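Let's take a walk through a protein model together. Have the sequence and the 3D view ready, and follow along at your own pace.

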Amino acid sequence: MSEETKKTAEAPEQDPAAEAGGPAEQPAPEAAPEQPAEPQSEAKKKDGWFNKKNREAEAMKAKLDAAEKAADKAKDQLLRLAAEYDNYRKRSTREADQKFNDGVSYAVGQIIPILDTLDMAANAPCTDDNYKKGVVMTLEKADKAFQTLHVEEIEVLGKPFDPNFMNAVQQVPAQEGQESGTVVTVYQKGYKLGDKIVRHATVVVAE
């Protein structure tokens, strides 16, 4: 084989594009390496953590709901207790006032006959002015004491007969200008303590 034939055989083949003056073919870019898949155990751990937090949140919400119900129940019980105590206090006050009034009424009932006697003495003819003055002063002091105790004389003279406040012991013919059923004479004064009658007035009524 000749020397020229050997050179030709050994010469490398030329890229047709290179011979035409075009750019040389660039090698294809390598594909990005795939991210390794998350291990299955890590995903399970995350799911388990979220589930645990959800359970804890639900348990906390249940506790809050129970606490709110307990607070509402306690509030309702306190309101009921306060109302019952207020009713008890008012009832006790009324009972105490009633007992006090009963005691005053009993004491006044024992004193009234004494005042009746003093009243007759004050209205009877008497030549001893000092004696009569003393009787009148005693009646005035008794009247002030009755005012302090809220005991009032029942005004009946000249008024229509009322069985709630009066006891009629006699009826007399009506005089000129008197209406039938009108009180014309008072034998005994009547007294009351508030709405409670201590003693009914004893009266004479016109027919």
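Which residues does Val108 touch, not counting residues up to four places away in sequence? Keep in mind that this is a predicted model. Click on Val108 and look around: you'll find Phe146, Leu149, Val151 and Val198 in contact with it.

Now zoom out a bit. Val108 belongs to the largest nonpolar core, which has ten residues. Val104, Ile112 and Leu115 are in there too, along with Ala142, Phe146, Val151, Tyr191, Leu193 and Val198. Where do they come from? Helix 3 (40-123), helix 4 (129-148) and strand 4 are the elements that each give two or more residues to this core. Helix 3 gives the most, with four residues.

That isn't the end of the nonpolar story. Apart from this core lies another one, made of seven residues, and Met166, Val183, Val203 and Val205 are among them.

Next, let's turn to the strands. Three of them form an open sheet with antiparallel pairing, in the order 1-4-5. Strand 1 (151-154) and strand 5 (196-199) each have a single partner strand, so they stand at the edges and one side of each is left without a neighbour in the sheet. The sheet isn't flat, either, in the sense that neighbouring strands are turned by 35° against each other on average, direction ignored.

Want to see one pairing up close? Strand 1 and strand 4 (residues 190-193) run antiparallel and pair over four bridges. Find Glu153, and opposite this residue you'll spot Tyr191 in strand 4. You've met Tyr191 already, as one of the residues of the largest nonpolar core.

Definitions and conventions: Residues numbered from 1 in each chain as written. Predicted model: local features only at pLDDT ≥ 70, side-chain atom pairs only at ≥ 80, totals over all residues. Heavy atoms only, no water. Pairing = 2+ DSSP bridges. Axes fitted to C-alpha atoms, helices over the stretch in contact; angles between N-to-C directions. Core = buried A, V, L, I, M, F, W, Y, C linked by side-chain atoms within 4.5 Å. Buried < 20%, exposed > 50% of the residue type's maximum accessible area, 1.4 Å probe, protein only. Contact = heavy atoms within 4.5 Å.
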